[in-house]
Structures are given as C-alpha cells and as structure tokens.
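Ready for some practice in reading a protein model? Work through each exercise yourself before you look at the solution.

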Amino acid sequence: AVASLVSTLANTIVPWDNIKALRACRLIALDKCPGVRPIGVGEVLSRLAGKCMAMVTRSDLETTCGTDQLCIGVKGGLEGAVHAVNDLFQEDETEGLLLVDASNAFNRISRPAAIWNTRVLWPRCSRYVFNTYRGFAALHLQGSAGCLWSCEGVTQGDSMAMFVYACGSLPLIHALRAACAEEGYEMPSSGAWDESGSDGSGVRHG
C-alpha cells in the first residue's frame, strides 16, 4: 500500500482534495530565544512516503548541488564549509568576510519558485513535490479551535523540506557566485544559504 501511494504521487497528478488530509500537520511552536520556530509534525504515512522518495532520488540532487548547497544532508558538510571559509580567511589576498543570514527563510521562500526549480533541478522527484506542496496544508495547534494554513515556504519537520528548500535556494547561490566572479571576488564552494532565487537557466526567482 505504501509503495502504491508513493508510486502514485511520484508518477501522476493527484487532486489536492485527495491528499490534503495526508498533508495536514500538528504544529509545535518552539522557543527560538527570541522568536518562535514553527515545527510541523506530519502524518507518519506522509513522512514515510517522503523518506522513500528521498532514498531513491536524493543522489540526483546531491550531484546537482555539489558543494554549493549542503543542506540536503551531505555528511560532514557544515564542517567542510567551516574549514573552507576559515582557510580562505587566512589567505593574504582575503580582505574581508561577508556573512548573510536571511530572516525566517524556510517559511518565506517562494513555494511556486521552489516547485518550479525542483522540476528543473530534480526532475525525478518533481511530480511528488508538486503533488505534496501544491495546496495549502492545514496546521493544527493544540488548544486552538481553528488551524493555520501553510501557504508559503516549506514546512520544517517535513521529511522533504530540506530537499525542496535546496532546490529553491540553489539558483541564488549560483547567481551570487557569478556576480562575485564578475567583480573579481572568490566565493567559497560550500555553503548552507537561506534564500531562493534564479540564475537565468530556466529557474525562477522567488
């Protein structure tokens, strides 16, 4: 039954009404000190289906991202990024270091652009992503009479969130690298960045 569900979501266009209950989440608000980090705890079946798709197709995205986007789970990726930036900073030619941290990027990244970029950058999983992120998932908070609707970004806690986020943010990294090269600056070949964008290669800017 699980295999049939995953195959259907990965190979056909499924009406949102048929899976909106599957995509509903229980919302947990964690204290960021300061601020709140919303974490969506999805249905077990939904998480299992996402993990199945990731297990089969993630190697495609790892090849596409390379060392430019490490949030897809490259082993030792963040440690490598730290060492790469540290080594670059120690070079005599380096004049400074710019650190950019986007605000609430997971929830603010353009979902339509991320879905489109998934079609371009991760085609084997693109239909699954389209089916599961095309609608507004209901987020239920304990003690609340109503619910919130996930209309933008990716849901933190979803097993596919990091991968969709990587597709949405990779074009910006490529655009930044090209802009740096034009100005004569070197951009490190590893990073876990927090935004979405476009490099003009068929992908969209969020």
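**Exercise 1.** Find out how many helices and strands the protein has, and in what order they run.

*Solution.* Start by counting: this predicted model has 8 helices and 4 strands. Next, walk along the chain from the N terminus, where the elements come as α-α-β-β-α-α-α-α-α-β-β-α.

**Exercise 2.** Locate Thr155 and decide whether this residue is buried or exposed.

*Solution.* First, place the residue: Thr155 sits in the loop that links strand S4 (148-150) to helix H8 (161-183). Second, take its relative accessibility, which is 10%. Third, compare with the cut-off: buried means under 20%, so Thr155 counts as buried. Finally, look at what surrounds it. Leaving out residues up to four places away in sequence, Thr155 touches Cys25, Gly40, Tyr133, Ser150 and Ala161.

**Exercise 3.** Classify Cys52 and Cys180 by accessibility, then state how many disulfides the structure holds.

*Solution.* The partly exposed class lies between the buried limit of 20% and the exposed limit of 50%. Cys52 has a relative accessible area of 25%, so Cys52 is partly exposed. Cys180, at 24%, is partly exposed too. Now for the bonds: a disulfide is a covalent bond between the sulfur atoms of two cysteines. The structure holds 0 disulfides.

**Exercise 4.** Describe the protein as a whole: what share of its residues is buried, and what supplies its exposed area?

*Solution.* Begin inside: of the 206 residues, 37% are buried. Then turn to the surface, where about 11,700 Å² is exposed, with 57% of it supplied by carbon and sulfur atoms. Last, consider contacts between residues at least 6 apart in sequence: 71% of these join residues at least 24 apart.

Key. Residues numbered from 1 in each chain as written. Predicted model: local features only at pLDDT ≥ 70, side-chain atom pairs only at ≥ 80, totals over all residues. Heavy atoms only, no water. Helix = DSSP H or I, 4+ residues; strand = E, 2+ residues; numbered from the N terminus. Buried < 20%, exposed > 50% of the residue type's maximum accessible area, 1.4 Å probe, protein only. Contact = heavy atoms within 4.5 Å. Disulfide = S-S within 2.5 Å. Areas by Shrake-Rupley, 256 points an atom, 1.4 Å probe, with all protein chains shown as cover.
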